[in-house]
Amino acid sequence: MNAPARPSPARPSPARMSPAWADAALAAALFAVDPVGLRGVIVRSGAGTVRDRWAEMVRDLLPADAPVCRIPLGIEDDRLLGGLDLAASLAAGRPVVQHGVLAQTDGGVAILAMAERIDAAAAARLAAALDHGEVIVERDGVALRLAARLGMIAYDEGLAPEEQPPAALVERLAFRIDLDVVASRTALDAAHDRTALDQARDRLASVAPADPDIVEAVCLVAARLGLGSVRAPLLALRAARAHAALRGGLTITAEDAAAAARLVLAWRATSAPAEPEADAAPPEADNAPDAPPDVQDRDEDQDPRDGETESAAPTDTVVEAIQAALPDDLLSRLSLDDPPRGTAAQARGSGDVAKSARRGRPMGSRSGSLRAGARLNLVETLRAAAPWQGLRGGGVAAGRIQVRPADFRIRRFVQRLEATTIFAVDASGSTAFQRLAEAKGAVELLLAKAYVSRARVALIAFRGAGAETLLPPTRSLARAKSRLAELPGGGGTPLAAGVEAAVLLGQAERAKDHTPLLVFLTDGRANIARDGAPGRAAAETDALAACRNLREAGLAAVFVDTSPRAQPDGDRFAHAMGATYLPLPYVDASAVFGLVDGLRAARR
Amino acid sequence: MRVAYPFSAIVGQDEMKLALLIAATDPSIGGVMVFGDRGTGKSTAVRALAALLPPMKAVKGCAFHCDPKADAGRCHDDCQRDKQRGAARTEWIATPVVDLPLGATEDRVVGALDLEHALTRGEKRFEPGLLARAHRGFLYIDEVNLLEDHLVDLLLDVAASGENVVEREGLSVRHPARFVLIGSGNPEEGELRPQLLDRFGLSVEVTTPTTLGDRVEVVRRRDTFDRDPKTFGAAWAGADAEVRDQLLAARAGLAAVEIPDSVLETASKLCMAIGAEGLRGELTLMRAARALAALNGEPAASDRHIRDIAPMALRHRLRRNPLDPSGSTARIDRAMSDLFDA
């Protein structure tokens with residue numbers, strides 16, 4: 001390729017090119033150098049000209065014969081993984097195998113649109129293909145192992161913070177670029193062309209293994225950014241190698257590592273890098289407690305290597321170079337209120353299970369009739385018909401296969417009717433801590449038997465000026481535990497906001513075909529109005545209105561009155577909601593659990 | 001064929017490696033469940049183990065590669081007859097490690113009517129599935145918590161009985177299917193069905209390496225492997241061969257390992273102290289301790305072995321108490337220090 005026109009990817013030379021676009025262009029080029037090794041790119045962007053231009057750029061940089069396939073959302077296993085080609089099999093009278101999209105994309109790039117809506121099951125299949133570079137098919141009488149060495153481009157079009165591509169996928173892809181912040185006039189052309197990329201791809205295998213200092217520096221920076229998985233430093237090293245190959249080098253320099261860290265590590269950060277003097281105690285104590293001595297040992301043991309001066313740089317210098325290349329706004333991005341990318345993405349998991357429930361998961365097939373909407377499982381139907389061909393005078397020899405209605409096998413899907421219990425807990429005042437703790441206990445008790453009862457649980461806390469979703473609907477006990485470790489408490493009682501938040505969440509759950517049950521734990525002493533202003537009268541009016549909304553929304557609710565003495569307020573709100581009213585002055589987790597469990601059983 | 005990452009080149013993860021070796025030494029322990037975060041090398045370890053397992057002797061031509069020595073386990077008729085006549089020919093085959101991939105359909109798991117044969121020749125022939133292929137070997141399910149429920153049901157039944165009974169499409173086939181079940185999954189992706197969890201003899205929790213030195217080593221080795229798997233594999237072949245020899249010696253010595261009554265008593269006390277239900281806990285403790293002694297080349301199991309394997313044998317058998325914030329491992333540790341350090 002032409003000599004590095006751009007000294008550092010952090011500061012692109014064309015003045016008008018936006019830095020975000022420069023990063024995106026570099027990520028595109030590096031990905032095109034080694035799509036299989038780097039696994040892929042997450043592209044934060046809605047559909048639009050900038051995204052199209054970026055995708056076009058990637059396509060131009062990939063080898064001319066590399067397949068680029070789209071994987072539509074909700075693709076079925078027989079198309080994704082492969083299986084029996086029914087039409088061809090019937091025509092040929094013998095099983096004909098069809099390859100799935102993953103195998104067809106071998107040697108190329110798969111594009112996932114709306115990656116934030118991919119469910120856990122599909123994500124696991126994609127992840128397995130990325131990990132092993134092959135697809136194992138055990139479907140419909142077909143057993144195959146097919147090469148599927150590919151990279152993926154995942155379009156993340158999510159709007160809300162909880163709408164993110166599944167963590168299993170996010171973890172494995174090297175880059176994440178944000179094109180939403182790129183104005184289309186700043187998205188200029190790439191600095192590379194296909195010839196340069198072809199050369200870089202040829203050179204890739206000859207790039208020498210990364211120097212120990214570089215490996216250490218990348219691992220150290222990853223640890224400082226709070227990255228637990230070793231995939232992050234591994235991907236960063238591969239990106240550094242691609243960067244070296246792209247600029248025409250045969251050794252990985254500190255600059256290569258810095259560019260790679262900027263693109264691969266920075267967006268995953270869950271903690272800000274510590275200052276150099278804080279080395280002795282990196283922020284994530286459990287990640288790298290032994291770090292400094294180890295690093296120093298290495299430095300003393302090793303003779304300075306000859307060869308390129310950059311590659312002989314001691315770890316510290318490399319670390320400095322990498323940290324200098326990290327985006328300046330890393331810290332401010334981390335301090336934002338929404339959870340760090342990594343955790344939010346990780347926390348996702350089990351919500352996905354429910355998503356696939358909407359359409360229902362395949363669950364074998366059973367005999368049945370072809371009613372409207374029923375889907376025939378042809379392979380199983382043929383299997384059922386096959387033994388009788390001799391008697392019926394059919395079979396391939398006879399030129400036709402005789403299938404009778406009794407042979408029909410219908411695909412079955414499970415519709416998981418999951419109940420979502422939404423706890424809305426009054427976190428105000430002095431009893432807040434206990435109420436929250438007991439609500440948390442009830443949440444965990446429910447989740448402990450969640451697998452059996454197919455229950456999902458969410459927790460909303462309301463206090464001070466408003467309501468906050470502490471735990472979005474989940475089935476994972478592990479997730480709930482980590483999210484509920486810290487419970488905020490204190491302040492006034494914005495009952496209206498709490499009810500409203502619960503109704504919104506309840507409606508959202510119902511839209512996903514879950515059955516919501518709202519459980520309020522409060523003493524009903526509303527004193528913060530809907531607009532956040534204090535004052536009992538306004539607060540009560542607003543709360544009553546919110547309660548009536550709940551009733552109109554047709555959501556089932558329980559009102560657990562936690563005030564020391566039962567009082568008319570609580571009863572009034574419960575009545576307005578159409579909720580079951582239950583005074584429970586001494587809330588305890590088991591009682592709440594028993595109550596909810598009993599109610600759910602009754603409703604089933 | 002892809003070259004697997006060498007087992008002995010895995011940095012740390014000692015508990016997982018030990019559990020896999022124990023399960024390979026004594027298949028009756030009932031398999032291993034590996035829980036862990038992403039990127040901790042769960043499936044790498046299982047695939048590495050597969051590459052390391054010694055070959056086994058099987059009846060030649062038997063679809064279920066059944067054991068020439070054992071007459072138990074109803075295989076198909078020819079095989080039975082040959083064995084009775086002493087005419088069964090044998091061959092050495094690689095110990096099967098079968099992947100149960102996500103998206104697998106029921107017919108491929110349990111086996112089904114061979115469609116091609118049925119349609120073209122009108123013959124009713126059974127086409128064995130993954131369970132048959134895994135007989136006498138390992139069945140590996142990655143992301144086991146994402147496995148479809150109806151497949152979990154099938155597995156539970158077969159794992160309990162050691163026999164796969166197929167009654168479909170006019171076929172009536174039963175064949176032995178005894179395998180070591182290895183599962184891996186990330187608890188964040190959802191809980192595992194308790195009945196299935198209970199099937200696993202051992203469970204281990206893997207985490208990412210905690211020290212920077214280890215992490216650097218993991219990354220360096222993996223990077224070297226990815227660049228040139230063959231050379232890297234060759235460099236570790238000697239170390240892997242040692243592990244294989246250790247495994248073979250352990251299998252040979254397993255039956256001779258003594259289990260003193262005092263050790264059984266310790267196992268029972270430990271199970272009672274932590275409230276593990278049923279006898280399965282004690283049985284697993286005993287077998288795992290015996291396998292560990294055999295792996296170490298020791299003549300008898302001791303309390304020390306119990307102590308070493310108790311967390312992996314019992315961790316998943318505790319009745320979960322969501323209100324007790326301390327995890328299962330901590331509860332076992334507590335019970336053990338009460339028992340041993342008193």
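Domain bounds, as I use the term today, come from an automatic or database domain assignment. With that in mind, chain B of this predicted model is divided into domain 1, which takes in residues 7–55 together with 94–206, and domain 2, which covers 255–341.

Let me stay with those two domains for a moment. Their C-alpha centres lie 25 Å apart, and across the boundary 16 residues of domain 1 of chain B are in contact with 11 residues of domain 2 of chain B. Which elements give two or more residues to the side of domain 1 of chain B that touches domain 2 of chain B? They are helix 1, residues 14–25, and strand 11, residues 202–206, both of chain B, and it is helix 1 of chain B that gives the most to this side, with five residues. If we sort the residues on that side of domain 1 of chain B by character, nine are nonpolar, five are polar and two are charged.

Still in chain B, I would like to point out a loop that runs between helix 6, residues 130–134, and strand 7, residues 138–142, and that holds B:H135. Is B:H135 buried or exposed? Since 27 other C-beta atoms lie within 10 Å of B:H135, and 20 or more is the cut-off, this residue counts as buried. Leaving aside its neighbours within four places in sequence, B:H135 is in contact with B:F64 and B:H65, and also with B:P176, B:A177, B:R178 and B:F179. In addition, the C-alpha atoms of B:H135 and B:C66 are separated by 7.7 Å, although the two residues are 69 residues apart along the chain.

B:R136 lies in that loop between helix 6 and strand 7 of chain B as well. Its phi is positive, at about 70 degrees, although B:R136 is not a glycine. B:R136 is buried too, because 21 other C-beta atoms are found within 10 Å.

Chain A offers a residue with a backbone angle of that kind: A:M114, which is not a glycine, has a positive phi near 50 degrees. A:M114 is found in the loop that leads from strand 5, residues 109–112, to helix 7, residues 120–132, of chain A. With 17 C-beta neighbours inside 10 Å, however, A:M114 counts as partly exposed.

Turning to chain A as a whole, we find 26 helices and 17 strands, and of its 604 residues 51% count as buried. Among the contacts in chain A with a separation of 6 or more, 77% are between residues 24 or more positions apart.

Some caution about confidence is in order here. The mean pLDDT of chain A is 75, and 73% of its residues reach 70 or more. Over residues 1–15 of chain A, pLDDT stays under 50, and for this stretch the model has 26 contacts beyond four places in sequence. Residues 275–313 of chain A also have a pLDDT below 50, with 59 contacts in the model beyond near neighbours in sequence.

Now to the sheets of chain A. One is an open sheet of five strands in the order 2-5-8-1-9, with parallel pairing. Why do strand 2, residues 68–71, and strand 9, residues 175–178, of chain A each have one side without a neighbour in the sheet? They stand at the edges, each with a single partner strand, so one side of each is left without a neighbour. From one strand to the next, the twist of this five-stranded sheet averages 20 degrees. Strand 1 of chain A, residues 40–44, runs parallel to strand 9 of chain A and is joined to it by four bridges, and within this pair A:I42 stands opposite A:R176 of strand 9.

Another open sheet in chain A has six strands in the order 14-13-12-15-16-17, with mixed pairing. Its edge strands are strand 14, residues 466–474, and strand 17, residues 580–583, each of which pairs on one side only. In this sheet the twist averages 15 degrees from one strand to the next. Strand 12, residues 419–426, and strand 13, residues 455–463, of chain A pair in the parallel sense over eight bridges, and A:D426 has A:F462 as its bridge partner in strand 13 of chain A. Finally, helix 25 of chain A, residues 568–577, packs on the sheet, where it touches strand 16, residues 556–561, and strand 17 of chain A; the direction of helix 25 makes about 180 degrees with that of strand 16 of chain A.

How values were computed. Residues are numbered from 1 along each chain as its sequence is written. Chains are lettered from A and ligands numbered from 1 in the order in which they are written. This is a predicted model: local features need pLDDT of at least 70, side-chain atom pairs count only at pLDDT 80 or more; totals for chains, interfaces and linings use all residues. A residue is buried if 20 or more other C-beta atoms lie within 10 Å of its own, exposed if 12 or fewer, and partly exposed in between; C-beta atoms are placed from the backbone. Two residues are in contact if their C-beta atoms, placed from the backbone, lie within 7 Å. Two strands pair if DSSP finds at least two bridges between them. Axes are lines fitted to C-alpha atoms, for helices over the stretch in contact, and angles run from 0 to 180 degrees between N-to-C directions. Ala, Val, Leu, Ile, Met, Phe, Trp, Tyr, Cys and Pro count as nonpolar, Asp, Glu, Lys and Arg as charged, and the others, Gly among them, as polar. pLDDT is the predictor's confidence in each residue, from 0 to 100.
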